[in-house]
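Trainee: I am new to this structure. Please take one part, go through it closely, and then place it within the whole.

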Amino acid sequence: MKHALPTSLAALRGAGKAGIARVLTALETQANDPGLVALLDAAFAAEGGASLGLTGPPGVGKSCLTQALIKAYRAQGQTVAIVAVDPSSSRTGGALLGDRTRIDTDPEDDGVFMRSMAARGALGGLAEVSFPAIVLLRALYDIVIVETVGVGQSEIEVAARTDGVIFCAQPGSGDALQYMKAGVMETPQVILVTKGDMGVLAERTAADLKGALSLDGRGDAVSVQTVSAVTGAGIAGAMDLIDTRIVAPANSQSGWQNRLAQGESWLTSRLSAEFGRAGLSMVRNQILQTETPFSRDRALQLRLKRALEAGWSGENPG
Ligand SMILES: Nc1nc2c(ncn2[C@@H]2O[C@H](COP(=O)(O)OP(=O)(O)OP(=O)(O)O)[C@@H](O)[C@H]2O)c(=O)[nH]1
Ligand SMILES: [Mg+2]
């Protein structure tokens with residue numbers, strides 16, 4: 001028998017992990033369902049936890065670090081959700097996802113939830129499909145970790161639709177410095193040099209990054225630290241940095257402004273992916289009127305679809 005989807009956050013909290021998983025699937029398959037849209041708007045406005053984008057090159061140690069963070073947050077009694085996103089799987093049919101998300105979570109523990117997501121040719125890309133899931137999970141869990149593989153544009157976008165970004169840097173590689181020069185390093189609040197058990201190599205990379213950031217005038221805005229998922233060294237310190245730099249600000253007034261900006265940018269890229277620049281210009285002045293993005297998305301989509309069906313009036317071709 002088909003279960004009805006929970007329609008309120010309270011019902012969803014009571015529905016357990018199976019209920020949450022069903023709602024996340026429904027978000028991907030029936031995104032414009034009015035009940036789901038209302039649920040998303042409620043989740044967007046809810047005081048909840050914080051979402052952390054975790055990004056960095058392949059093999060840097062993101063999943064092992066996530067595993068260590070899950071354990072440490074659970075030991076403090078905090079609940080954790082993980083969204084593992086793999087932009088490359090749209091090219092490989094999803095084969096990589098299984099290999100890449102080596103994160104074991106205890107199915108018996110209701111305080112940990114894990115979801116893998118692939119772009120699957122989604123309109124507007126992964127950032128568009130993952131945002132509603134991140135918003136929903138943030139209303140239900142204290143910490144939402146969004147692991148993205150790689151440092152391309154779409155990974156950066158996914159990470160940027162969170163309350164803050166942690167960039168993982170590989171000891172002994174100049175990667176992080178390269179990314180910083182290429183401008184993809186503008187977003188992180190925290191940089192963690194992984195595999196700290198490699199010793200001096202990791203320390204030197206951390207020192208190089210700190211030097212480069214301070215030359216850039218960003219030394220005060222970004223914290224750098226080494227961590228080891230193997231020994232656990234640096235994990236507690238990293239959590240303190242994450243708390244100060246991302247979690248605490250996320251639930252302040254500036255965090256709310258940041259969330260509104262995330263919603264606006266999601267809404268804009270979603271509508272422009274579906275309706276193009278002409279469609280966007282038709283509704284541009286209506287985009288900024290209320291606060292939560294999901295019901296606006298639905299209303300604007302319906303309006304644009306109706307306009308298209310009615311035929312282009314020719315009044316506003318630009
Ligand atoms: N020495 C050492 N090795 C580590 C540490 N963390 C991860 N590794 C190793 O690094 C490799 C990659 O780790 P993952 O956690 O899968 O890296 P990832 O960044 O999630 O990789 P992708 O998801 O494929 O991009 C594995 O072989 C790990 O054993 C660490 O703290 N110390
Ligand atoms: Mg991984």
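Mentor: A residue is called buried when its relative accessible area is under 20%, exposed when that area is over 50%, and partly exposed in between. The model is predicted. The part to look at is the loop between β6 (190-193) and α10, where K195 is placed. K195 has a relative accessible area of 28%, so it falls in the partly exposed class. Its phi is near 55°, a positive value in a residue that is not glycine. Most residues other than glycine have a negative phi.

T194 is found in this loop between β6 and α10 as well. With 3% relative accessibility, T194 counts as buried. Leaving aside residues up to four places away in sequence, T194 touches V60, C168, A169, Q170, P171, A202 and V227. One of these contacts, A202, is among the buried residues of α10.

That leads to the helix itself. Helix α10 covers residues 200-215, 16 residues in total. From its first C-alpha to its last it reaches 22 Å, close to the 22 Å expected at 1.5 Å a residue. Its buried residues are A202, T205, A206, L209, A212 and L213. They take up an arc of only 130° around the axis, and therefore sit on the same side of α10. On the face turned away from that buried side are the exposed residues V200 and L215. Just after the helix comes G217, with a positive phi of about 75°.

Now the whole. The protein chain has 318 residues, and 47% of them count as buried. Its secondary structure comes to 13 helices and 7 strands. Of the contacts between residues at least 6 apart in sequence, 76% join residues at least 24 apart. The accessible surface of the chain is about 14400 Å², and carbon and sulfur atoms account for 53% of it.

The largest nonpolar core holds 42 residues, and those that touch the most other members are L9, I20, L24, L136, L137, L271 and F294. Helix α7 (residues 126-140) supplies the largest share of this core, 9 residues. Domain 1 (48-251) and domain 2 (256-308) both contribute residues to the core, so it lies between them. Apart from it lies another core, of 27 residues, including L69, Y73, I235 and A250.

Two residues of the largest core can be followed further. L137 lies in helix α7. Its relative accessible area is 0%, so L137 is buried. L137 and I20 are 117 residues apart in sequence, yet their C-alpha atoms are 8.5 Å apart in space. Not counting residues up to four places away in sequence, L137 touches I20, L24, A81, V83, F113 and V144. On the same basis, I20 touches L12, F113, L137, L140 and Y141. F113 therefore appears in the contacts of L137 and in those of I20.

One last residue, M282, is placed in helix α12 (residues 253-283). At 32% relative accessibility, M282 is partly exposed. The C-alpha atoms of M282 and A307 are separated by 9.6 Å, with their positions 25 residues apart along the chain.

Notes
Residues numbered from 1 in each chain as written. Chains lettered and ligands numbered in written order. Predicted model: local features only at pLDDT ≥ 70, side-chain atom pairs only at ≥ 80, totals over all residues. Heavy atoms only, no water. Helix = DSSP H or I, 4+ residues; strand = E, 2+ residues; numbered from the N terminus. Buried < 20%, exposed > 50% of the residue type's maximum accessible area, 1.4 Å probe, protein only. Contact = heavy atoms within 4.5 Å. Areas by Shrake-Rupley, 256 points an atom, 1.4 Å probe, with all protein chains shown as cover. Core = buried A, V, L, I, M, F, W, Y, C linked by side-chain atoms within 4.5 Å. Domains from an automatic or database assignment. Expected span 1.5 Å × (residues − 1). Arc of directions from axis to C-beta.
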